[in-house]
Amino acid sequence: MPASTVRITVDPDLDGERAIAIREMLRDYNARFIGRPSWVPVVLTALDSDDELVGGLVGEYGLGWLHVTMLAVAPERRRTGIGAQLLEMAEQWARSRGALGVNLDTIEFQALAFYERLGYRKFGEQADNPPGYVRYYLEKRLD
């Protein structure tokens, strides 16, 4: 069908019927090359002695890689090793599933040096994401 006969709309519902159909369309195409991988979510929490949340990590594993989408530590608990412990546990969790590695991104005012100290290698960067800052893309091979 020619593009001139297509109507394009905006639908902000990421979990709606159309969004699911779009994901399935892409997954059907990808399946011819890589099969239908399952994605496994992981959430790690760091709790203090009162069971209060002081940090955590959120990610998902699939296609041989753990993608860390968020790593946060309460401001008053930063530089105490909690972030490193969370990342180490996530790496162990990924290794137990046969992961090739871990990938993540960070903004220049966040934690680039922290990740590099833990063995993460910068493989890309994007200017003005968010505007005025650089976003870095990092990976750590586990194989």
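# Exercises on a predicted model

The buried residues of α2 pack against β1 (40-47), β2 (53-62), β3 (65-73), β4, α3 and β6; contact here means heavy atoms within 4.5 Å. The structure is a predicted model, in which local features need pLDDT of at least 70 and side-chain atom pairs count only at pLDDT 80 or more, while totals for chains, interfaces and linings use all residues. Residues are numbered from 1 along each chain as its sequence is written, and side-chain values use heavy atoms, with hydrogens and water left out.

## Exercise 1: helix α2 and the core

Task. Determine how far helix α2 reaches, which of its residues are buried, and what α2 gives to the largest nonpolar core.

Solution.

Step 1. Helices (H or I, at least four residues) and strands (E, at least two) are DSSP runs, numbered from the N terminus. Helix α2 covers residues 82-95, which is 14 residues.

Step 2. The expected span of a helix is 1.5 Å times one less than its number of residues. From first C-alpha to last, α2 reaches 20 Å, close to the expected 20 Å.

Step 3. Buried means under 20% relative accessible area, exposed over 50%, and partly exposed in between (1.4 Å probe, protein chains only). In α2 the buried residues are I82, G83, L86, L87, A90, E91, W93 and A94.

Step 4. A nonpolar core is a set of buried Ala, Val, Leu, Ile, Met, Phe, Trp, Tyr and Cys residues joined through side-chain atoms within 4.5 Å. The largest one has 25 residues, and L57, L66, V68, Y120 and L138 have the most contacts inside it. Two or more residues each come from β1, β2, β3, α2, β4, α3 and β6. The helix α2 gives the most, six residues.

Step 5. Leaving aside residues up to four places away in sequence, L66 touches several residues, among them A90, W93 and A94.

## Exercise 2: salt bridges

Task. Count the salt bridges, then compare the settings of the E24 and R27 pair and the R135 and D105 pair.

Solution.

Step 1. A salt bridge is a side-chain nitrogen of Lys or Arg within 4 Å of a carboxyl oxygen of Asp or Glu. The count by this rule is eight.

Step 2. E24 and R27 form a salt bridge, with N and O 3.2 Å apart. Because they are three residues apart in helix α1 (residues 17-34), about one helical turn separates them. E24 is partly exposed at 29% relative accessible area, and R27 is partly exposed at 38%.

Step 3. In the salt bridge of R135 with D105, the closest N and O atoms are 2.6 Å apart. This pair links distant parts of the chain, with R135 in strand β6 (residues 134-141) and D105 in strand β4 (residues 101-107), 30 residues apart. R135 is buried at 17% relative accessible area, whereas D105 is partly exposed at 28%.

## Exercise 3: the largest pocket

Task. State the volume of the largest pocket and identify which element supplies the largest share of its lining.

Solution.

Step 1. On a 1 Å grid over the protein atoms alone, a pocket is an open set of points where a 1.4 Å probe fits, with protein on both sides within 12 Å along at least five of seven lines; lining residues have an atom within 4 Å of a point. Grid points are joined across faces, edges and corners, and a volume is the space filled by probe spheres set on the points.

Step 2. The largest pocket has a volume of about 710 Å³. Of its 26 lining residues, L71, R78, Q110, A111 and F114 are the closest to its centre.

Step 3. β3, α2, β4 and α3 each supply at least two lining residues. The largest share, seven residues, comes from β3.
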